[in-house]
Amino acid sequence: MNKSITDAELEVMRLLWREKRALTMADFRAELEQTKGWNKSTIHTLVGRLRDKGIVTHLDKYGAAQFVPLVTEDEYILAEEKAVLDKFGSAKNLAMAMVRNGHLTDADLVELRDYFKMGGERNE
C-alpha cells in the first residue's frame, strides 16, 4: 500500500475493519456522527477519498452502495511501520530515539529484553 491515509480517513477504515462487513453510508453516519460529531458531508467526503485512493470499493446491493476495504488492517500497519522505519533508517534507531525521549519505560525495556531472549515468543 503506497497511498497515505489521513487520521480522519483512518477512523473510517477502523470502523470497516472492526465491523468486518460491508457498510452503507447510513452505517458510517450512525457511528461517526455520534462518536466523532462529523456531519453527512464530511463522512461522504472521507469515504469518497478512500474510494478514489483505491483503499475501499463499493458494491451496489439493493440500491444502496455498500463499502468494503481493499486493504486489510495488517497491510496498513505493515505499510505504516515501513514508512516509519524508512524515516529513522532502522528499527534500532527508532528504539534508541524512543528510549532517549522517554517513550519506553524501564518495564517496556525489560519486556523487550525478555522477548528477544526467548526468540521473539510472547509469553502472555
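Reader: In what order do the elements of the chain run from the N terminus on?

Author: In this predicted model, the order is α-β-α-α-β-β-α-α-α. The secondary structure comes to six helices and three strands. A DSSP run counts as a helix from four residues and as a strand from two, so S1, with residues 23-24, qualifies as a strand.

Reader: How do you know that S1 and S3 pair?

Author: Pairing requires at least two bridges found by DSSP. S1 and S3 are joined by two bridges and run antiparallel, so the pair meets the criterion. Within this pair, Thr24 has Gln66 in S3 as its bridge partner.

Reader: What makes S2 and S3 a pair?

Author: The same threshold of at least two bridges applies. Six bridges join S2 to S3 (residues 64-69), and the two strands run antiparallel; the criterion is therefore satisfied. Val56 has Pro69 as its bridge partner in S3, Asp60 has Ala65, and Leu59 stands opposite Gln66. S2 and S3 form a hairpin with two residues between them, and Tyr62 in the turn has a positive phi of about 55°.

Reader: Why are S1 and S2 said to stand at the edges?

Author: The open sheet has the order S1-S3-S2, with antiparallel pairing. Strand S1 (23-24) and strand S2 (56-61) each have a single partner strand, so one side of each lacks a neighbour in the sheet. Helix H1 (residues 7-19) packs on this sheet and touches S1, S2 and S3, its direction making about 90° with that of S3.

Reader: What makes Glu81 and Met98 lining residues of the largest pocket?

Author: A lining residue must have an atom within 4 Å of a point of the pocket. Glu81 and Met98 are in the lining, together with Val84, Leu85, Ala91, Leu94 and Ala95; each therefore meets that cut-off. The space in this pocket is about 230 Å³. Helix H4 (73-88) and helix H5 (91-100) each supply at least two residues of the lining, and H5 gives the most, with four residues.

Reader: How many residues of this lining are nonpolar, polar and charged?

Author: The division is six nonpolar, no polar and one charged. Glu counts as charged, whereas Ala, Val, Leu and Met count as nonpolar; the charged residue is therefore Glu81.

Reader: How does the radius of gyration of the chain stand against that of a compact globule?

Author: For 124 residues, a compact globule would have a radius of gyration near 14 Å, but the chain has 19 Å. The C-alpha atoms fill a box of roughly 55 × 30 × 25 Å along the principal axes.

How values were computed
Residues are numbered from 1 along each chain as its sequence is written. This is a predicted model: local features need pLDDT of at least 70, side-chain atom pairs count only at pLDDT 80 or more; totals for chains, interfaces and linings use all residues. Side-chain values use heavy atoms; hydrogens and water are left out. Contact means heavy atoms within 4.5 Å. Axes are lines fitted to C-alpha atoms, for helices over the stretch in contact, and angles run from 0 to 180 degrees between N-to-C directions. On a 1 Å grid over the protein atoms alone, a cavity is a set of points where a 1.4 Å probe fits but cannot get out, and a pocket is an open set with protein on both sides within 12 Å along at least five of seven lines; lining residues have an atom within 4 Å of a point. Grid points are joined across faces, edges and corners, and a volume is the space filled by probe spheres set on the points. The radius of gyration is taken over C-alpha atoms; the globule rule is 2.2 Å times the number of residues to the power 0.38.
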